[in-house]
Amino acid sequence: MSTYQDIHSALTQSLIDLNAASLGTLPIAYEGQEFDPETDVSGDIFIDESFMFSQQESLSKATLDEVRGIYQLTVYQRANLGLSNALATVDAIIDNYVHNNNFTSGVTKIVIVNSGRDVGRTDGGWYSIPLSIIFKTDKLRA
C-alpha cells in the first residue's frame, strides 16, 4: 500500500471505530462513495468525511518526506432541531483526535497535530459543523 492509501485507511478506520464505540453508529458519507442524505439517513444526523493534502515536504536530502493534511469531518444535523446532538457528536470527535494521538495502517503511522471546529452554517435543510483534523506522517522515498 502507498502512504496515501494508508492515511485514508487509518483515518477512515479510526472514524468507523469511534462511531461504533461512542457515536451510536451514525450514517457516514465516505469520500468517493455515493451518499444521498435524504435517502441514506434514517435519523436527523450524519457525518461527511473528506481529505485535503498539502505539498509533500522534504525532511532529508535523499530518503524522507513529510505528508501533512486535513481530515475534514463535517457533522450534519437537520436544521431547526437545536444543536445538542450535533454538539455532542462534535465533542466526541474532537476528543478522539487530540494532539499526538496516532493511528496506523500497514507501516504508516499518522500523528494528529491538532483539531478544531470551524464555523457552522445551514445548507439545504441541514445545519453543518465542519471539523478540521490536522495530521502528519513520514513517507520514505522509493
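# Close-up views of a predicted model

**Figure 1. Overview of the protein chain.** The protein chain contains 3 helices and 8 strands, and the model shown here and in the following views is a predicted one. Read from the N terminus, the elements follow the order α-β-α-β-β-β-α-β-β-β-β. Of the 142 residues in the protein chain, 39% are buried, and the accessible surface amounts to about 7800 Å², with 49% of that surface belonging to carbon and sulfur atoms. Among the contacts with a separation of 6 or more, 60% are made by residues 24 or more positions apart.

**Figure 2. Helix α1 and the residue that follows.** Helix α1 covers residues 3-23, and for its 21 residues a rise of 1.5 Å a residue predicts a span of 30 Å, which agrees with the 28 Å that separates the end C-alpha atoms. An α-helix has 3.6 residues a turn, so residues three or four places apart point the same way. The buried residues of α1 are Thr3, Asp6, Ile7, Ala10, Leu11, Thr12, Ser14, Leu15, Leu18, Asn19 and Leu23, a list in which polar side chains such as those of Asp6 and Asn19 appear beside nonpolar ones such as those of Ile7 and Leu18. After α1 comes glycine 24, with a positive phi near 80 degrees.

**Figure 3. The nonpolar cores.** The largest nonpolar core comprises 28 residues, and within this core the most contacts are made by Leu11, Ile47, Tyr71, Leu73, Ile93 and Tyr97. At least two residues of this core come from each of α1, β2, β4, α3, β6 (108-117) and β8 (126-140), and the element that gives the most is α1, with 6 residues. Leucine 11, when its neighbours within four places in sequence are left aside, is in contact with Phe51, Tyr71, Tyr97, Phe103, Ile110, Ile112 and Phe135. Another core, of 5 residues, lies apart from the largest one and has Ala29, Val41, Phe46 and Tyr76 among its members.

**Figure 4. Aromatic pairs around phenylalanine 51.** The structure holds 9 aromatic pairs, one of which joins phenylalanine 51 to phenylalanine 53 in a stacked arrangement, with 6.2 Å from centre to centre and 5 degrees between the planes. The two residues of this pair are covered to unlike degrees: phenylalanine 51 has a relative accessibility of 10% and therefore counts as buried, whereas phenylalanine 53, at 36%, counts as partly exposed. Phenylalanine 51 also pairs with tyrosine 71, and here the arrangement is tilted, with 4.8 Å from centre to centre and 35 degrees between the planes. This second pair links distant parts of the chain, since phenylalanine 51 belongs to strand β2 (residues 45-53) and tyrosine 71 to strand β4 (residues 64-78), 20 residues apart. Both phenylalanine 51 and tyrosine 71 are buried. One aromatic cluster is formed by Tyr4, Phe51, Phe53, Tyr71, Tyr97, Phe103 and Phe135.

**Figure 5. Surroundings of glutamine 72.** Glutamine 72 is found in strand β4, and its relative accessible area of 11% is below the 20% limit, so this residue is buried. The side chain of glutamine 72 comes to 3.2 Å from the backbone oxygen of leucine 131, and a polar contact of 3.3 Å joins the same side chain to the side chain of serine 132. With neighbours within four places in sequence left aside, the residues in contact with glutamine 72 are Asp48, Glu49, Ser50, Met52, Asp118, Pro130, Leu131 and Ser132.

**Figure 6. Two asparagines with positive phi.** Asparagine 80, although not a glycine, has a positive phi of about 70 degrees, and its position is in the loop between β4 and α3 (84-96). With a relative accessibility of 78%, asparagine 80 lies over the 50% limit and therefore counts as exposed. Asparagine 100, likewise a residue other than glycine, has a positive phi near 75 degrees and is placed in the loop between α3 and β5 (102-105). Its relative accessibility of 52% is also over the 50% limit, so asparagine 100 counts as exposed.

Notes: Residues numbered from 1 in each chain as written. Heavy atoms only, no water. Phe/Tyr/Trp six-rings, centres within 6.5 Å; stacked < 30°, edge-to-face > 60°. Buried < 20%, exposed > 50% of the residue type's maximum accessible area, 1.4 Å probe, protein only. Helix = DSSP H or I, 4+ residues; strand = E, 2+ residues; numbered from the N terminus. Expected span 1.5 Å × (residues − 1). Contact = heavy atoms within 4.5 Å. Areas by Shrake-Rupley, 256 points an atom, 1.4 Å probe, with all protein chains shown as cover. Polar contact = N/O pair within 3.5 Å; in protein donor to acceptor, adjacent residues only side chain to side chain. Core = buried A, V, L, I, M, F, W, Y, C linked by side-chain atoms within 4.5 Å.
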